Every structure is written in structure tokens, then in C-alpha cells.
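Trainee: Got a minute to walk through this model with me? I'd like to go element by element.

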Amino acid sequence: MLGAAWLMGAVSALERETGWRPRDANLLMGTSAGSVVAALAAGSDRPWNMIEAGGESEFLDVMAAAVYSVERPARWMRWGSWRMVVETWRGGGDAALSRIWAGLLPHGLISTRHLEGTIDRRVERWPTRPRLWIIATDYDSGARHVFRGPGPDGITVGRAVAASCAIPGFYRPVRIGSRLYIDGGVASSTNIDLLHGRRLDLVICMLPLSPMRAVARRTPSMRFRALLQRRLMRQIKQVEDAGTRVVLIEPEGAAADLIGLNFMNRSRSRAVAHAAARTVHERLRESDTRQLLEAYGVAGPGIGRPARPGRSALRGSGS
């Protein structure tokens, strides 16, 4: 929830500082909390005005999607996904540790149906412009799955977002068709490497649960976060080596302090959103960031009309 709140504040700052709307992007991609805000941005012109004057009730409505009510499953206390553990052990890879850990945890007892309903009320159908990608993790294979539309199962945007947000051990896995899905951050904290070779000019990557902050402050999860940070830098380099520039925006100052380690603390959501708006405003005014955004028409003269034919992506992640 605090990841989604930070992203709303960050996107609000992006539009107010530059005049550029995320709906002008070629692609909106979201993982976990990022899938919530990406879906809202694709389905509405200005969903982030929830944190501005007069929008408080809308903001609280979205935050109310985090209803932590226990729903007893058909089979009590089912244990994780041994198949994912075995497949990951055999195949290895960058995210092997997080996938094995997710496979060992028991099924969560909290339902995602409230979150699903909230998104479906606001986003009635899959958008065609901008494209919307929602990232989840297959609970059997541990592979990433990209939801790009209703597909043969006719899934709604809300269902895909619920799958992307299904934190292992907390939320229940989400069944779509014959398969189960969990949080997209299990396979990758950002999934930014999926944009490699997509011929985009610019990627704006907003990462609310930044591993860099934990490393700097020597939190209990420092070593694991350091691993995530190295993986993030490799993915960004991979995308930039293919000719796409990346602007990485992470929590700083008061916003980072407010997020803390309890990412599901709804009582701090408004404070986090407002702090994000202030700190991201400052980040966007830095000369190097401003010059890069102006070069691709995201800020400065000709807002909304790139200086050259441009394709951009807004990438949000909450894992």
C-alpha cells in the first residue's frame, strides 16, 4: 500500500512539474504496487489527482482496497509450490533465491478480491493506447508472465493486478484459467529488462521500494537488498545498451523515512504520497534529469510533442 501511495505522489509530481501525462506514453508497465498505479493511469486521464485538494475521498477509496480479511481456503493451510522450488533449483537464475523462498512459504489467507473490485470499477476494459503490461509470476514454474489483455480467459484488468500483487505467504495466489499466479516481484523486482529491444526512446522507472535506500541505511535486509540493487543496475544497463535512456526515480528524504519497513501500513499512506510529491518535484528539477526529459519532449517546450518521434514507457514497481 505504501508503494502505491508513493507512486501516486511521484506521478502527480511528474505531471505537475513537466505537463506530460503518463497516458501519452507508448507503454505503461507495472509490477505489484506498480500494477495498481499503471492500471489506474491507463484507465483514467489523471488518477493521481487523488492526493490533491478535493481528491482525498478518491485516494482513501483506493487505499481501502487493502482489506486484510482472512478467508478460509477450501483446504486449510496449503503449503507453497514445491514445483516452483524444484524448477528454480534446476534452472537457477538471478531471482532464484526469491523464487525458492516464495515457493516454500504457505499459501496466504488474505484475499485479493477487494483490490480486484476496486481496479475493475475504475478500469472497465483493457486499454489499447497506451498499452498496459501487468507482470505476475507463475506459481508452478516461477516464470514471469506478462498480462497484455483479456486473453482467452477473458481476464479483467483488476484480476491481472490482483495476481501481480499477491504477496507470497500473505495474499492467496490468484487463479486465472488453470494456473495460479503470485506477486510479479518474485521473479524480478523491476522487470525493466522486458523493455530491452522494444525500440523505446525513454523509460521513466519509478521504484518505491528501492533497494538502494536499505543498503545506504544498513537495514536488516541490507544484503538481500544489495543483491536486488546489483540486479537492477544490470537490467538498466541492458536496456540502455540497446539505445533506450532510463530515468530512475526512487524514494528520498522524508518519503523514504515514512515508507520504512512496513509496506502495508495504510495509516501512513497520505503522508507518504504527499512526501513523494515534494521530493520527486525536487528530483525532476535537477539539471541532468531536466535536460534528459526535455530532450525527449517530456518537459520544457513542446510538452506532449516530442522533439523527435519518440516512444516512451512509464515503468512502476512495488517489489
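Trainee: Which residue follows helix 1, and what is the sign of its phi?

Mentor: Gly19 follows helix 1, and its phi is positive, near 80 degrees. Before we go on: this is a predicted model, where local features need pLDDT of at least 70, side-chain atom pairs count only at pLDDT 80 or more, and totals for chains, interfaces and linings use all residues. Residues are numbered from 1 along each chain as its sequence is written, and side-chain values use heavy atoms, with hydrogens and water left out.

Trainee: How are helices and strands picked out?

Mentor: They are DSSP runs, numbered from the N terminus: H or I with at least four residues for helices, E with at least two for strands.

Trainee: How far does helix 1 reach?

Mentor: Helix 1 covers residues 2-18, 17 in number, and reaches 24 Å from its first C-alpha to its last. That is close to the 24 Å expected at 1.5 Å a residue. The expected span is 1.5 Å times one less than the number of residues.

Trainee: Is helix 1 mostly covered or mostly open?

Mentor: Mostly covered: 16 of its 17 residues are buried. Buried means under 20% relative accessible area, exposed over 50%, partly exposed in between (1.4 Å probe, protein chains only).

Trainee: And helix 11, how long is that one?

Mentor: Helix 11 runs over residues 269-284, so to speak a 16-residue element, and reaches 22 Å, close to the 22 Å expected. Its buried residues include Val272, Ala276, Val280, His281 and Arg283.

Trainee: Switching to charges. How many salt bridges are there?

Mentor: A search of the whole structure finds eleven. The cut-off is a side-chain nitrogen of Lys or Arg within 4 Å of a carboxyl oxygen of Asp or Glu. Side chains of opposite charge can pair when their charged atoms come close.

Trainee: Which residue does Arg159 pair with?

Mentor: Glu116, with the closest N and O atoms 3.0 Å apart. This pair links distant parts of the chain: Arg159 sits in helix 7 and Glu116 in helix 6 (residues 113-122), 43 residues apart.

Trainee: Is Glu116 buried or exposed?

Mentor: Buried, because its relative accessible area is 16%. Arg159 has 26%, so it counts as partly exposed.

Trainee: What about Asp241 and Lys237, where do they lie?

Mentor: Both are in helix 9 (residues 222-241), four residues apart, about one turn of the helix. Their side chains meet in a salt bridge at 2.8 Å, N to O. Asp241 is exposed at 57%, and Lys237 is exposed at 51%.

Trainee: Which residues form a salt-bridge network?

Mentor: Glu17, Arg285, Arg290 and Glu294 are linked in one. Elsewhere, Asp24 and Arg21 meet in a salt bridge at 3.2 Å, N to O. Asp24 is partly exposed at 27%, and Arg21 is partly exposed at 32%.

Trainee: New topic. Where does Gly177 lie?

Mentor: In the loop between strand 4 (174-176) and strand 5 (179-183). Gly177 is partly exposed, with a relative accessible area of 43%. Gly177 and Asp153 are 24 residues apart in sequence but 5.9 Å apart in space, C-alpha to C-alpha.

Trainee: Last one: where is Arg148?

Mentor: Arg148 is in the loop between strand 3 (144-147) and helix 7 (157-164). Its relative accessible area is 47%, so Arg148 counts as partly exposed.
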